[in-house]
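Thank you all for coming; I would like to walk through one structure with you this morning, taking it slowly enough that anyone new to the subject can follow along. Please have a look at it first, and then we will go through it part by part.

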Amino acid sequence: MQEDIFKRYSRQIFIDEIGLDGQRKIMSSKVLVIGAGGLGSPVIQYLAAAGVGTLGIADFDHVELHNLNRQIIHDENRVGDLKVKSAETFVKNLNHQVKVISIEQKIDASNASKILSQYDIVVDGSDNFRTRYLVNDSCVELKKTLVYGSILGFSGQVAVFNHKGSKNLRDLFPEPPFDEDAPDCDSLGVLGALPGMVGSMMALQTLKIIADLPVNLNQLTLIDTLNWRFQTLEF
């Protein structure tokens, strides 16, 4: 069994900053991914590939054909299926060692604390401000690290909030915009490779946190892929 683990994860273990100790931390970690869509897909893919021990996936939506340009863990055969079930199938086919907990619920005020409290790290790939702020506030209350990302068109954002006493989303943006003022991918679109980039960055930050590697705190990374510019804002 130990040999099989080494074979599977050897290219991670060979990294001095990871090693066997880091891989053990990854395999014993519990991560909740909120959303199995554009951002959640690459996060789920790379956390499962890395061997995260327990992967919770929360989503209440179904796979639709227009999802497939960016939500790469789903395929044509799963159109109409619950995204969490499609995601669970994907993970099991990729890495049977990962324990998947499918949460077929919308994260709201009635269940957020109960669900989030069961995990070490929360990765928010949700697509609306109401959920983002609820998740942020719940992580603050529960003292959970939150890995945050958002996408639109050619642009994305990534940050780590509430990690070891660092600032949170409300320190950056105290209040969400009114829903009618908030653009989204349904109305303005998104190029499929962008969530792949941003979600991969979120997964990488998550793995670094698990392995106790340094991450930049109180910073927001802005990604402009149309003009190929990356900017970091401190707050």
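**The sheet and its helices**

Let me begin with a single pair of residues, D224 and R229, where D224 stands opposite R229 of strand β8. I should say at once that what you see is a predicted model. The strands concerned are β7, which covers residues 219-224, and β8, and the two pair in the antiparallel sense over 6 bridges. As a reminder, strands of a sheet pair through backbone hydrogen bonds, either parallel or antiparallel.

If we now step back to the whole sheet, we find 8 strands in the order β3-β2-β1-β4-β5-β6-β7-β8, forming an open sheet with mixed pairing. At its edges stand β3 (99-103) and β8 (229-234), and each has a single partner strand, so one side of each is left without a neighbour in the sheet. On average, and ignoring direction, neighbouring strands here are turned by 15° against each other.

Which strands does helix α6 lie across? This helix, residues 129-142, lies across β1, β4, β5 and β6, and it runs at about 165° to β5. Helix α9, residues 193-210, also packs on the sheet, where it touches β1, β4, β5, β6, β7 and β8, with its direction making about 170° with that of β5.

**The nonpolar cores**

Let us turn to the inside. In soluble globular proteins, nonpolar side chains tend to be buried together. In this model the largest nonpolar core has 36 residues, and the ones that touch the most other members are V31, I44, L47 and L55. Several elements give two or more residues to this core, including β1, α3, β2 and α4, while α9 gives the most, with 7 residues.

L47 is a helpful example to follow on your screen, since, leaving aside its neighbours within four places in sequence, L47 is in contact with V31, V33, V52, L55, A203, T206 and L207. Apart from this core lies another one, of 20 residues, and among its members are A58, I115, Y148 and F235.

Is helix α3 largely enclosed or largely open? Of its 11 residues, 8 are buried, so α3 is largely enclosed by the rest of the structure; the buried ones are G40, S41, P42, V43, I44, L47, A48 and A50. After α3 comes G51, whose phi is positive, near 95°.

**Salt bridges**

My last topic is the charged side chains, and how many salt bridges does the structure hold? There are 8, and I will take you through some of them.

In helix α2, residues 19-28, we find D21 and R24, which lie 3 residues apart, about one turn of the helix. Their side chains meet in a salt bridge, at 3.1 Å from N to O. D21 is exposed, with a relative accessible area of 52%, whereas R24, at 46%, counts as partly exposed.

In helix α4 there is a pair with that spacing too, K85 and E88, 3 residues apart, and the closest N and O atoms of their salt bridge are 3.8 Å apart. Here K85 is partly exposed at 39%, but E88 counts as buried at 13% relative accessibility. These two residues also belong to a network of salt bridges that links K85, E88, K92 and E104.

Finally, R78 and D75 meet in a salt bridge at 3.9 Å, N to O, with R78 counting as buried at 14% and D75 as partly exposed at 29%.

Key: Residues are numbered from 1 along each chain as its sequence is written. This is a predicted model: local features need pLDDT of at least 70, side-chain atom pairs count only at pLDDT 80 or more; totals for chains, interfaces and linings use all residues. Side-chain values use heavy atoms; hydrogens and water are left out. Two strands pair if DSSP finds at least two bridges between them. Helices (H or I, at least four residues) and strands (E, at least two) are DSSP runs, numbered from the N terminus. Axes are lines fitted to C-alpha atoms, for helices over the stretch in contact, and angles run from 0 to 180 degrees between N-to-C directions. Contact means heavy atoms within 4.5 Å. A nonpolar core is a set of buried Ala, Val, Leu, Ile, Met, Phe, Trp, Tyr and Cys residues joined through side-chain atoms within 4.5 Å. Buried means under 20% relative accessible area, exposed over 50%, partly exposed in between (1.4 Å probe, protein chains only). A salt bridge is a side-chain nitrogen of Lys or Arg within 4 Å of a carboxyl oxygen of Asp or Glu.
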